[in-house]
Amino acid sequence: MSNTDVEMQDLSRPSGSTQSPDALITALGIGQICAWGSLYYSFPLIAEAMMAELGWSKTDVYGAATIGLVIAGFLAYPVGVAVDKGHGRALMGGASLMAAVLLALWSQVDSLIGFYLLIAGIGGLQAAALYEPAFAVIARRVGAGRARAGITAITLWGGFASTVFIPLVQFLLDHWGWREALLVLALINGLVCAVAHFGFIRSEKDAVHFNQSHHESPLATDKQAVRAAFHTPVFWLLMLALTAYAGAFTAFTFHMYPLLLEGGLSTSNVVWAIATIGPAQVAGRVLISIFGSGTSMRRIGTFVVAVFPLVFIVLAIGPSSMWVITAACVVYGACNGIFTIVRGLVVPEMLSRRAYGAINGLLTFPSTLARAVAPLVAAWLWSRTMSYDVLVWSIAACAALLTLSFWLAAWASRVKLPHSP
């Protein structure tokens, strides 16, 4: 089957499917707000409260988070394969229930060993609860070639996770405590997320059942797609790009507060600058959904990745103006929001419209490892020089590597598209 045939097949509405995916998209979006908010954004706030009560060091606490993210990296591929096989409902719903159990157990923890075991489990569950499996569920429901609108909508929902949960968790910490806050987060996962996933992910309604030819084996064609991806330079260039992005993004996210303080800004100005990033992410995604609906992700990504090095170079120069730094944070936030959509759609556009979950899981495996080690590497760089200058230039270098590798991947995918089985 030619690429053109596959594209026409994916873009056509499945003849046997009449149900709109809007309810599924809304359910997954709500699930992403709660999953990101409870499993990711809440961690630094609860960690600080734990350290104050239990006397644990920052290295002890964040070392557990690193182990959890490493486990998530190793689980990314099998999770993607499971979603491709139609197990998204059990996977994401089960992850929500398990998250509820582990968060509740975390609220009772007093030993460091128990804490490490629980955070390792919660970190691993992120592989089955955050964007990648949700993207794969949508790609399976409507077909990878039609998944753009759904993936964009899910990222719009997810963009509000920090806006909703950071104030919520802080309120719970101020009025009750970190143990009670974790129990509330457990209830949210066990009720809201589990209901959203078990109630709305229905594999029998997936487009694969209507688009699959009778003589084709989905498992066989998925394996062919994965093998084909391994044999194209686009796959490896995209993997390099996404890994560089993950390293730069995570190092900056975990260290932006002290980094900007070191530049001479007041605490209130730093908080204001950082607070603009979240709304800018959502604004960037809205702009793309309105004005970029007819533009390929290849072209959008090519433009967006070029902005990241410029932002970090501006920060590395060390501007003293709060407005310049705020503008840099706004631009960074908008580009980061857009690139979340890009990385969710590069697989069907630049690699293959088969085996979305498996290929995306392989692509994101080293990215998750980079997210795990980047904060520790950044802290080590700072400890060696007692300054963030080297770190900011290192992040700028990672951003430049992202730009170069994505440009090469975009060029290679235009020159010769890989065959789609």
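This text walks through a predicted model of one protein chain, from its overall make-up to a few individual residues.

The protein chain has 421 residues, and 56% of them count as buried. Its secondary structure consists of 19 helices, with zero strands. Contacts can be sorted by how far apart the two residues stand in the sequence. Among contacts in the protein chain with a separation of 6 or more, 85% join residues that are 24 or more positions apart. The accessible surface of the chain amounts to about 17,600 Å², and carbon and sulfur atoms supply 69% of that area.

One part of this surface is a nonpolar patch made up of Ile30, Trp157, Leu187, Leu191 and Val192. Together these residues have about 430 Å² of accessible area. Helix H10, which covers residues 178-200, gives the most to the patch, namely three residues. Leu191 belongs to the patch and is found in helix H10. Its relative accessible area is 54%, and because exposed means over 50%, Leu191 counts as exposed.

Helix H10 also holds Asn189. Here the relative accessibility is 2%, and since buried means under 20%, Asn189 counts as buried. Helix H10 therefore carries both an exposed residue, Leu191, and a buried one, Asn189. A polar atom of the Asn189 side chain lies 3.0 Å from the backbone oxygen of Leu185. Setting aside neighbours within four places in sequence, Asn189 is in contact with Ser38, Leu39, Ser96, Ala99, Ala100, Leu103 and Ala194.

The cysteines come next. A disulfide is a covalent bond between the sulfur atoms of two cysteines. The structure holds zero disulfides. Two cysteines can be placed by their accessibility: Cys329 has a relative accessibility of 1% and counts as buried, and Cys335, at 8%, counts as buried too. Both values fall under the 20% limit for a buried residue.

The last stop is a loop. Helix H18 (356-385) and helix H19 (389-415) are joined by a loop in which Met386 lies. Met386 is not a glycine, yet its phi is positive, at about 55°. The relative accessibility of Met386 is 53%, which is over the 50% limit, so this residue counts as exposed.

In review, the chain is built from helices without strands. Helix H10 contributes three residues to the nonpolar patch and also contains the buried Asn189, while the exposed Met386 sits in the loop between helix H18 and helix H19.

How values were computed:
Residues numbered from 1 in each chain as written. Predicted model: local features only at pLDDT ≥ 70, side-chain atom pairs only at ≥ 80, totals over all residues. Heavy atoms only, no water. Patch = residues over 30% accessible without salt bridge, like charges linked within 9 Å, V, L, I, M, F, W, Y side chains within 5 Å. Areas by Shrake-Rupley, 256 points an atom, 1.4 Å probe, with all protein chains shown as cover. Salt bridge = Lys/Arg side-chain N within 4 Å of Asp/Glu carboxyl O. Helix = DSSP H or I, 4+ residues; strand = E, 2+ residues; numbered from the N terminus. Buried < 20%, exposed > 50% of the residue type's maximum accessible area, 1.4 Å probe, protein only. Polar contact = N/O pair within 3.5 Å; in protein donor to acceptor, adjacent residues only side chain to side chain. Contact = heavy atoms within 4.5 Å. Disulfide = S-S within 2.5 Å.
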